[in-house]
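Let's take a walk through this fold together. Please keep the viewer open so that you can find each residue as we come to it.

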Amino acid sequence: QSKSEDISSCSSAQLVSYFLPMGLIDLPRTVSGLNRLREIAMTLARHGFTHVLSDIRLLDHVPGLSYLNTIKSGDSSRRSVPERLALVMQDLGATFIKFGQLIATRPDFVPADYLTAFQKLQDRVEPVATEAITAVIEKRLKKPLAEIFTTFDQTPLASGSIGQVHAATLIDGTPVVIKVKRPDTDDRVHEDLDLLQLLAELLEKHVPETRVFRPVMLVEEFSKTMKNELDFVCEAAHTSKFAAQFADDPGLAVANVYWDYVTADTLVMQKMSGSALSDLALIRRQGHDLPAIAKTLARCFLRQFFITGHFHADPHEGNLLLLDDGRIALLDYGQMGHLSSGLRQNMSMCLFALIEGDVDLIVDICSEIGMFTEDTHLREFKSELAAMLTRYYGVPAARVQLGQAFYEATSLARRHGILLPRDFVLLIKSLSMIFGVIQKLDPNFSAETALRPFCGKLAGHLLAPKPMSRRFGFYLYRVFSMLRRAPDDLRDLLEKAKSGQTRIIFHHEGLDDVAMQFERASNRLTVGLVIAAMMIGSSILLAAGPEAFGDLALQIPKIGNIPLSIAIAATGFIGASCIGIWLAWGIFRSHRL
């Protein structure tokens, strides 16, 4: 009982280390979790990934999955591995679809064919019934719907896997939109995140060739993103912060957040009406100046990247709205990135080096950020980077496809084992997306001309005497602080060594599989001994017959005309035979005869 109580409070990562010494894998904590794991395994098997389930030991230890070895992949077997994996994610629903969409934004981890397959994933979700949505609103806001809104449009404006958006009017007559979380979303998503973490850990442990994709790191990054998206208070905070930072920008409009109606499951914001930037024909008919809109967008996003450090990470055309007064409204602040002051300065120097074609400076900056790993081939990286810059050097800005350049740069990083920070990748993605929109608005727009003032400003700030003296003073303080603590730290270390409190721990990797196989072999040996004992005992009982009991034989009941001793012996023979056949079949299916 105490063990089960401990298990119920463990994370999936802790459960892996808890169960593996026992020869088991990390089993989900609930019946629904186990059923969901079976559903995931069946979907993988149906699309031709049974060998992966066998490699990560899932078929051996999860009850009721051994039969999946016999499932054929069907029509999907004619598709490529990335296409089949995308089908798996599509079949498993919203959490896995969003995970695939996240992978599609990380070309620094994933090859091009996987990116292409995952970019086609669509989060198609049927709207929730209005009664269920209104029940969530009234429960979270603790008021009847009629006391909050004078009107509530039952037809949703949008429906996603996490939230559903409806138009409404507040009591004071303000038109708003309310985003409501779908019922039972939290439990379902957290359960899927636990199982994704489990599968990623098992993949890295048992399938070494997947480690280059860093599945555990991808799942951890995805978990952080999903947990932020599940909390609408976080999105409201991002929106309010963004509004405060751009309050002085006449070309930008940010929806007002009504905090009295914000909870983890509800978000009420000002309704913004206008034309989508994707509809260029409509914008032209309305008489708007497209190059002026492009300049406003560039100024807005470059200010986010280089000045505030808090930027919109998903600026596709559907999230950009042109209001009737010419201002641009940004929608959906669920995906945001953050750049520290140091990273912004390094980024500005890196972009400046890209503009100038200075490969050595780019390599120095990458080294300072900590992008290089033990797998990085520095000489080959510099050579390929120089070749890539040569292809783009001198090309007119209007001819440069930033999306393609972004993909080439991140693919180069992946090939050479360079680890890009998450927010750095989000930045490059956001930058390429917004400049793609800008180039549609104004094909003659020069990205280099727009970037130079911001890069120069940040670089100048980095090299200015006052900031440099402040950083030098801070570094000097850290050095003196370390020297001041050194005698005390050394004394503590020696005292712990003398008292025996210092321990040296050696961890040998690769023994878990051996231990698991040894335990399975010992379990089979134990079962074999039990079978032999049952056979011998039944044989003795059968050979002795009822006469072995003497006068007691008359008192022992019979089953029909068969003495009880004979029936017990026959039952023992049959039971031992069934267990023996089951054990032999298991050994035969494991291909380890």
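What follows starts with the whole chain, then turns to a helix pair, two sets of strands and two loops.

Keep in mind that this is a predicted model. Its protein chain holds 23 helices and 13 strands. Of the 593 residues in the chain, 42% are buried. If you consider the contacts between residues at least 6 apart in sequence, 66% of them join residues at least 24 apart.

A good place to zoom in is helix 14 (residues 290-308) together with helix 19 (residues 422-441). Their axes come within 8 Å and cross at roughly 170 degrees. Since angles over 145 degrees count as roughly antiparallel, helix 14 is roughly antiparallel to helix 19. On the side of helix 14, the residues that meet helix 19 include Leu 290, Ile 293, Leu 297, Phe 301 and Phe 305. Helix 19 answers with residues including Leu 427, Leu 431, Ile 434, Val 437 and Leu 441. What is the character of this contact, in nonpolar, polar and charged residues? The residues divide into 16 nonpolar, 1 polar and no charged. As background for the helix side of this picture, an α-helix has 3.6 residues a turn, so residues three or four places apart point the same way.

Two of the helix 14 residues deserve a second look. In the largest nonpolar core, which has 60 residues, Leu 297 and Phe 305 touch the most other members. Leaving aside residues up to four places away in sequence, Leu 297 touches Leu 277, Leu 320, Ile 328, Ile 434, Val 437, Ile 438 and Leu 441. Another core, of 56 residues, lies apart from this one, and Ala 41, Leu 53, Phe 118 and Val 262 are among its members. In general, nonpolar side chains in soluble globular proteins tend to be buried together.

Helix 14 also has strands for neighbours. It lies across strand 5, strand 9 (320-323) and strand 10, and runs at about 40 degrees to strand 10. These strands belong to an open sheet of 4 strands with mixed pairing, in the order 5-10-9-7. At its edges are strand 5 (252-253) and strand 7 (274-276), each of which pairs on one side only. Strand 5 pairs with strand 10 (residues 328-330) in the parallel sense over 2 bridges, and Ala 253 stands opposite Ala 329 there.

Now move to strand 4 (residues 175-181), where 5 of the 7 residues are buried. Strand 4 pairs in the antiparallel sense with strand 3 (residues 163-170) over 7 bridges, with Ile 178 as the bridge partner of His 166. The hairpin of these two strands has 4 residues between them, and there Gly 173 takes a positive phi near 95 degrees. Strand 4 also pairs with strand 6 (residues 266-270), again in the antiparallel sense, over 5 bridges; here Thr 266 is the bridge partner of Val 180.

Finally, which backbone angles might you check in the loops? Asp 184, in the loop between strand 4 and helix 10 (185-206), has a positive phi near 65 degrees although it is a residue other than glycine. With 63% relative accessibility, Asp 184 counts as exposed. Asp 332 sits in the loop between strand 10 and strand 11 (336-338), and its phi is positive too, at about 60 degrees. Asp 332 is partly exposed, with a relative accessible area of 36%.

Conventions. Residues numbered from 1 in each chain as written. Predicted model: local features only at pLDDT ≥ 70, side-chain atom pairs only at ≥ 80, totals over all residues. Heavy atoms only, no water. Axes fitted to C-alpha atoms, helices over the stretch in contact; angles between N-to-C directions. Parallel < 35°, antiparallel > 145°, perpendicular 65-115°, else oblique. Contact = heavy atoms within 4.5 Å. Nonpolar A, V, L, I, M, F, W, Y, C, P; charged D, E, K, R; others polar. Pairing = 2+ DSSP bridges. Core = buried A, V, L, I, M, F, W, Y, C linked by side-chain atoms within 4.5 Å. Buried < 20%, exposed > 50% of the residue type's maximum accessible area, 1.4 Å probe, protein only.
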